[in-house]
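Got a few minutes to walk through a structure together? Have a look at it first, and then we'll go through some questions.

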Amino acid sequence: MAEAKQPDLNGAYYGPSIPPKQSYHSHGRRSGCGCGCCLISFLFKIILSVTVMVGIAVLIFWLIVRPNKVKFHVVNASLTEFNLTTNNTLQYNLALNMTVRNPNKKIGIYYDRIEARAYYDDEKFATTSLTPFYQGHKKTDLLNPVFKGESPILLGTSELADFNSEKSAGVFEVDVKLYLRIRFKVGSFKTGRFKPKIKCDLKLPLVANRNSAGGFDTTKCDFDF
């Protein structure tokens, strides 16, 4: 049986329109963040390089100079008055002899500010300022802070009991702290300022009771940056 022949459409088509073939062009996306990231990376490399160079310079400086801590000692003390009145006023008269030793061979020290403070039971009762000075290599200098006067002081019941006990023994525990502002000198180079603190824990016999309580023992102070 012969197949039915499809009618000729004579080139005409009346169905739905056929969409034209679209051509796609690939537009590659830019990677990263462009010039901004390049600038950040460049700055980071510069900072890293400078940090490494500074670290190497500090290491070389330390290897050459070999800095050592300055040594503070209280070598003598004279406490002639330390009395607490009924209205909680402390009357005091304290004089110290302190040695300051710079053990460094290549480092000088400028003491631009020296403030000495005296404390009893963590209560500050006196402050005095000392004369600034320059200390050369491997030198020892003497400081003579003097605290004299009277000051209100707050002591609780237990602290007051400790005071009376120390008064009976003739020996008082007093802390003296030095607040410094210093600079170091290496050759012609001077560093910026540092603010270390020196703490001296002292046991001070009253001069009137010195024979029975014993003399003053040389005391090493703690150096803290």
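**Loops, salt bridges and a pocket**

Q: Is Lys-138 buried, partly exposed or exposed?
A: Keep in mind that this is a predicted model. Lys-138 has a relative accessible area of 41%. Partly exposed covers the range between 20% and 50%, so Lys-138 counts as partly exposed.

Q: Where does Lys-138 sit, and what is its phi near?
A: Look in the loop between β5 (133-135) and β6 (140-143) for Lys-138. Lys-138 isn't a glycine, yet its phi is positive, near 50 degrees.

Q: Which loop holds Asp-122, and what is its phi, about?
A: Asp-122 lies in the loop between β3 (108-120) and β4 (123-130), and it is exposed, with a relative accessible area of 64%. It isn't a glycine either, but its phi is positive, at about 65 degrees.

Q: Which elements give two or more residues to the lining of the second largest pocket?
A: The lining residues include Asp-122, along with Glu-159, Val-174 and Asp-201. The elements that supply two or more lining residues are α2 (157-169), β8 (171-186) and β10 (197-205).

Q: How many charged residues line the second largest pocket, by class?
A: This pocket holds about 180 Å³ of space. Among its lining residues are Asp-162, Glu-166 and Lys-203. By class, the lining has three nonpolar residues and no polar ones, and the charged residues number nine.

Q: Which residue forms a salt bridge with Asp-201?
A: Asp-201 is one of the residues lining the second largest pocket, and at 41% relative accessibility it counts as partly exposed. Its partner is partly exposed too, with a relative accessible area of 34%. The closest N and O atoms of the pair are 3.9 Å apart, and the partner is Lys-199.

Q: How many residues apart in sequence are the parts tied together by Arg-193 and Asp-112?
A: The structure holds five salt bridges, and in one of them the side chains of Arg-193 and Asp-112 meet at 3.3 Å, N to O. Arg-193 lies in the loop between β9 (189-190) and β10, while Asp-112 lies in strand β3, so the pair ties together parts whose separation in sequence is 81 residues.

Q: Is Arg-193 buried or exposed?
A: Its partner Asp-112 is partly exposed, with a relative accessible area of 24%. Arg-193 has 53% relative accessibility. Exposed means over 50%, so Arg-193 counts as exposed.

Q: Is Glu-115 buried or exposed?
A: Glu-115 forms a salt bridge with Arg-113, with the closest N and O atoms 3.2 Å apart. Arg-113 is partly exposed, at a relative accessible area of 30%. Glu-115 has a relative accessible area of 13%; buried means under 20%, so Glu-115 is buried.

Q: How far apart in space are Asn-97 and Leu-142, C-alpha to C-alpha?
A: Asn-97 is found in strand β2 (residues 89-101), and it is partly exposed, with a relative accessible area of 28%. Asn-97 and Leu-142 are 45 residues apart in sequence, but their C-alpha to C-alpha distance is 6.9 Å.

Q: What accessible area, about, does the nonpolar patch with Val-50 have together?
A: Val-50 is found in helix α1 (residues 35-65) and counts as partly exposed at 43% relative accessibility. The other members of this surface patch are Leu-39, Phe-42, Leu-43, Ile-46 and Val-54. Together, their accessible area with Val-50 comes to about 530 Å².

Terms used. Residues numbered from 1 in each chain as written. Predicted model: local features only at pLDDT ≥ 70, side-chain atom pairs only at ≥ 80, totals over all residues. Heavy atoms only, no water. 1 Å grid on protein atoms, 1.4 Å probe; cavity = no way out; pocket = protein on both sides within 12 Å on 5 of 7 lines; lining within 4 Å. Points joined across faces, edges and corners; volume = space filled by probe spheres on them. Helix = DSSP H or I, 4+ residues; strand = E, 2+ residues; numbered from the N terminus. Nonpolar A, V, L, I, M, F, W, Y, C, P; charged D, E, K, R; others polar. Patch = residues over 30% accessible without salt bridge, like charges linked within 9 Å, V, L, I, M, F, W, Y side chains within 5 Å. Areas by Shrake-Rupley, 256 points an atom, 1.4 Å probe, with all protein chains shown as cover. Salt bridge = Lys/Arg side-chain N within 4 Å of Asp/Glu carboxyl O. Buried < 20%, exposed > 50% of the residue type's maximum accessible area, 1.4 Å probe, protein only.
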